[in-house]
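Student: Please pick one part of this structure and go through it closely. I would like to know what surrounds it and what it is tied to.

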Amino acid sequence: MSSSTDVPDADRPTTPREAGHLVLGGTPIGNAEDASPRLRRLLAEADVVAAEDTRRLHALAGRLGVQVGGRVVSFHEHNESDRADDLLDVVDGGGTVLVVSDAGMPSVSDPGFRVVARAVERGVPVTTAPGPSAVLTALALSGLPTDRFCFEGFLPRKAGDRSRTLAALADEPRTLVFFEAPHRVAETLAAMAEAFGADRPAAVARELTKTYEEVLRGPLAELAERAAAEQLRGEICVVVGGAPPRGPVPLAELVPGVLARVDGGERLKEVVADVAQDAGVAKRDLYAAALEARRR
């Protein structure tokens with residue numbers, strides 16, 4: 001006979017279990033107090049912890065007062081593809097595999113993407129223990145629009161490749177978020193000022209959530225000068241405001257292209273409709289200007 005304090009099994013609260021799952025665990029980006037209770041539990045209970053740097057993992061566990069209970073394996077960009085199936089075999093056997101990077105969410109400029117892609121191919125369950133994100137933290141502190149943004153990661157190291165990448169982003173209307181190494185940040189900001197314009201608003205966020213957290217805000221050219229003078233240190237995110245809306249392209253600049261396509265065999269009305277939509281001008285005005293140019 002049960003006591004009056006017993007709770008029927010069907011009514012008992014349940015705690016989600018990660019057994020038989022691949023779990024991406026978000027780790028602190030600086031302040032160890034940001035580690036979630038779920039991450040602490042997973043570090044203690046997971047059968048395998050796949051860490052980008054095993055020494056940093058044990059250091060983090062020490063700061064959290066957690067004893068890593070399972071097997072620890074290294075899991076970085078150079079061995080991710082080779083090790084993915086071994087980890088997923090553990091999951092297939094009913095075990096929990098926790099994947100962690102040095103800081104932040106795995107797979108965001110860190111190992112994790114390939115093992116998730118392989119898990120999807122194999123039909124292996126994947127979940128996350130969400131945690132801190134340098135991308136979102138920098139974006140939130142930048143003072144720039146957050147409603148629409150895109151993450152570009154690290155820019156190419158070679159100057160020519162970097163210039164071409166930035167040129168392709170010059171007209172991007174969304175706020176841009178980049179990672180950058182401290183010894184390259186002044187050069188990168190100068191390249192951004194050249195590609196995006198010296199007055200484009202931006203922010204440089206460094207050492208986020210750490211003791212010496214700092215966010216510098218201002219035009220790109222000004223930030224480039226400050227970065228060169230102050231020799232910024234630590235882990236850095238650069239946030240750049242999106243390109244301002246462009247005004248309508250003058251009809252005189254559009255007409256030659258319209259006539260060239262017509263001479264190539266396309267119908268005038270169809271070309272005008274296509275070009276007018278892309279350029280943000282009225283079809284009627286562009287059509288009239290094209291006819292006038294042909295008459296001349």
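Tutor: What follows is a close look at helix H3, starting from one of its residues, Leu87.

The model is predicted, so local features are used only at pLDDT of at least 70 and side-chain atom pairs only at pLDDT 80 or more, while totals for chains, interfaces and linings use all residues. Residues are numbered from 1 along each chain as its sequence is written, and side-chain values use heavy atoms, with hydrogens and water left out.

Helix H3 covers residues 80-92, and Leu87 is found in it. Helices here are DSSP runs of H or I with at least four residues, numbered from the N terminus. The record sets a frame for this part: UniProt, in an unreviewed entry, places "domain: Tetrapyrrole methylase" at residues 24-224; such annotations may be inferred rather than shown by experiment, and positions follow the numbering used here, with feature names shortened. Over residues 24-224 the chain is 40% helix and 21% strand (strands being DSSP runs of E, at least two residues).

Is Leu87 buried or exposed? Leu87 is buried, because its relative accessible area is 4% (buried means under 20%, exposed over 50%, partly exposed in between, with a 1.4 Å probe and protein chains only). Setting aside neighbours within four places in sequence, Leu87 is in contact (heavy atoms within 4.5 Å) with Val48, Ala50, Val73, Phe75 and Val97. Val99 is twelve residues from Leu87 in sequence, and their C-alpha atoms are 9.6 Å apart.

Another residue of helix H3 is Asp85. Its side chain meets that of Arg118 in a salt bridge at 2.9 Å, N to O (a side-chain nitrogen of Lys or Arg within 4 Å of a carboxyl oxygen of Asp or Glu). Arg118 belongs to helix H4 (residues 113-122), so the pair ties together parts that are 33 residues apart in sequence. Asp85 is partly exposed, with a relative accessible area of 28%, and Arg118 is partly exposed, also at 28%. By the rule above, the count comes to 20 salt bridges.

For a second case, Asp274 and Arg261 meet in a salt bridge at 3.1 Å, N to O. Here Asp274 sits in helix H10 (residues 268-279) and Arg261 in helix H9 (residues 251-263), 13 residues apart. Asp274 counts as partly exposed, at 32% relative accessibility. Returning to Asp85, salt bridges that share partners join Asp85, Asp89, Asp92, Arg118, Glu121 and Arg122 into one network.

In short, helix H3 holds the buried Leu87 and the partly exposed Asp85.
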